[in-house]
Every structure is written in C-alpha cells, then in structure tokens.
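Ready for some practice in reading a protein structure? Take a look at the chain below, then work through the exercises at your own pace.

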Amino acid sequence: RVYRRARPVTVAVRVTRRRTSDVARLRIFPGNLPPEVKLAAPDRKLRWSAGERIRFSGSARDAQDGRLGPRALDWELLLRHCRVEEGCHTHPLQSFPNTRRGGFTTPEHEFPAYLRLRVTATDRAGLASTRSISLRPRTARVQLHTDPPGLVVGLNDTYGPAPFAVKVIPGARFTITALSPQEANGIEYEWVSWSDGGARSHETS
C-alpha cells in the first residue's frame, strides 16, 4: 500500500499459525523526516569527578517544522555501571523535559561506571530522533597495605591480600575494611588501626 498524505499512520501485520495468531503494529510517518539533533555541550572528551557540575545544551531542526523550540527537547541522564563478571546495567538518574539547556551534578559511584546523556527531539507530528554521548570519569588508584604484608583487606566489594590497588572515581566515597581476626602463615592477627584513624570498616574518600 502507498500512503500519499503526510500524516502519521499505524500499520499492522497479522501472523496466523494453526489456531493461534498475533498482530504487530508500527507507527509510520509518510512524507515526514525525523528532526536533526545537535548536542552542543558537554564535549565528549570531558572527564569528571564525583560532585562536579556539568552544563549541557542542544538544539534540533526539522525539515517540515524548521527549528524546534525548547518544548520539543527532552533530556535523560543515565549511569552505566559495569562489572567484568556481570556486564553493564543502567541506572536512570535524572530527566530534564522541555528544555534546550540545563545542568547536573555528577554522582558518587564506584568504578567502573560512566554517564550517558541522551537528548530526544520530537516534531509536531510525533516523529522523534535521539542523540547521546558517553561521559567517562577520571580515575585514581587507592593502594592498600598491611603490616605485616599479605593480610586480607577490602575496598568496597574487592578483597585480597595486601598490598593491592583499586581504581576509584575521585571525589566518591568508598568503604575500606580489615578482616579481624584472620590467620596468615599459622599466626592469628587482630586488626589494630588504619593510618587515617578510622574504624575497622569505614567510609573515606
């Protein structure tokens, strides 16, 4: 079938097999092109630490409607948290509807993680297009030591015999923990103190 009028249309296809059937529907926009979205800021080369303020801005132009106003733009900030054994999953953080620009404060989170900023432009007919960028964090290495060496300590969920290092996002708080009591080389050890004076298990940054 050929649609000659420039208006949204919902098309459907039915599939029948023996006594069961199902219908799939799709909304199409004959004669209409999706908006072109430009994401002006932030730059994808930006690197962030926890607690920083980041500004964003963008615009969109549509072949039929011209330049789209602020109400046509919707933003979404996502956190992608990745683990080697589990892959990545997504945490929605904030939404910014109907605006060309705005800002957000970067979250505290354990590494590895990164932010994804997504903007969607929708024209008057309801046809939409989306642009997104990934924003990677700065990283720092926290080195854990014990006296004597080889005792098991942990940073967040990572445990092992010291010394060892763990990557963190600067500005984010993390938890360090010493196992006590524990045995090494046939000798039992009890935790006495951390160099920062904190409790056996405590948050720091």
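Here are some exercises on this predicted model, each with a worked solution.

**Exercise 1. The disulfide**

Find which cysteines are joined by a disulfide, and work out its handedness and whether each partner is buried or exposed.

Solution.
- Step 1: Recall what you are looking for. A disulfide is a covalent bond between the sulfur atoms of two cysteines.
- Step 2: Apply the cut-off. Two cysteine sulfur atoms must lie within 2.5 Å of each other. Cys82 and Cys88 pass this test, with an S to S distance of 2.0 Å. The count for the structure comes to one disulfide.
- Step 3: Check the torsion. About the S-S bond of Cys82 and Cys88 it is about 105 degrees, so this disulfide is right-handed.
- Step 4: Compare each relative accessible area with the limits: under 20% is buried, over 50% is exposed, and in between is partly exposed. Cys82 has 14%, so this residue is buried. Cys88 has 39% and therefore counts as partly exposed.

**Exercise 2. Salt bridges across the chain**

How many salt bridges does a search of the whole structure find? Describe three of them, saying where the partners lie.

Solution.
- Step 1: Start with the idea. Side chains of opposite charge can pair when their charged atoms come close.
- Step 2: Get the total. The search of the whole structure gives four salt bridges.
- Step 3: Take Glu52 and Arg138. Their side chains meet in a salt bridge of 2.5 Å, N to O. This pair links distant parts of the chain, 86 residues apart: Glu52 is in the loop between strands E4 and E5, and Arg138 is in the loop between strands E11 and E12. Glu52 is partly exposed at 26% relative accessibility, and Arg138 is partly exposed at 36%.
- Step 4: Turn to Arg118 and Glu76, whose side chains form a salt bridge at 2.7 Å, N to O. Arg118 belongs to strand E10 and Glu76 to strand E7, so the pair ties together parts 42 residues apart in sequence. Arg118 is partly exposed at 30%, and Glu76 is partly exposed at 26%.
- Step 5: Look at Glu203 and Arg173, whose closest N and O atoms are 3.3 Å apart in their salt bridge. Glu203 sits in strand E19 and Arg173 in the loop between strands E15 and E16, so this pair ties together parts 30 residues apart in sequence. Glu203 is partly exposed at 49%, and Arg173 is partly exposed at 41%.

**Exercise 3. A charged patch**

Which residues gather in a patch of positive charge on the surface? Follow Arg101 from its strand to its exposure.

Solution.
- Step 1: List the members. The patch of positive charge consists of Lys38, Arg61, Arg67 and Arg101.
- Step 2: Place Arg101. This residue is part of strand E9, which covers residues 101–105.
- Step 3: Judge its accessibility. With a relative accessible area of 57%, Arg101 is exposed.

**Exercise 4. Special backbone spots**

Which peptide bonds with a proline are cis, and where do Asn156 and Asn185 have a positive phi?

Solution.
- Step 1: Look at omega. The bond joining Asp147 and Pro148 is cis, with omega about 5 degrees. Pro148 lies in the loop between E12 and strand E13.
- Step 2: Move on to Ser180 and Pro181. Their peptide bond is also cis, with omega near -5 degrees. Pro181 lies in the loop between E16 and strand E17.
- Step 3: Look at phi. Asn156 is not a glycine, yet its phi is positive, about 55 degrees. You will find Asn156 in the loop between E13 and strand E14, where this residue is partly exposed at 23%.
- Step 4: Repeat for Asn185, which has a positive phi of about 55 degrees although it is not a glycine. Asn185 lies in the loop between E17 and strand E18 and is exposed, with a relative accessible area of 82%.

**Exercise 5. Sequence and space**

How far apart in space are the C-alpha atoms of Ala12 and Gly66?

Solution.
- Step 1: Locate Ala12. This residue is in strand E1, residues 9–17, and is exposed at 54%.
- Step 2: Read the separation. Ala12 and Gly66 are 54 residues apart in sequence and 31 Å apart in space, C-alpha to C-alpha.

Notes. Residues numbered from 1 in each chain as written. Predicted model: local features only at pLDDT ≥ 70, side-chain atom pairs only at ≥ 80, totals over all residues. Heavy atoms only, no water. Patch = residues over 30% accessible without salt bridge, like charges linked within 9 Å, V, L, I, M, F, W, Y side chains within 5 Å. Areas by Shrake-Rupley, 256 points an atom, 1.4 Å probe, with all protein chains shown as cover. Lys, Arg positive; Asp, Glu negative; His and termini not counted. Charge placed at Lys NZ, Arg CZ, Asp CG, Glu CD. Helix = DSSP H or I, 4+ residues; strand = E, 2+ residues; numbered from the N terminus. Buried < 20%, exposed > 50% of the residue type's maximum accessible area, 1.4 Å probe, protein only.
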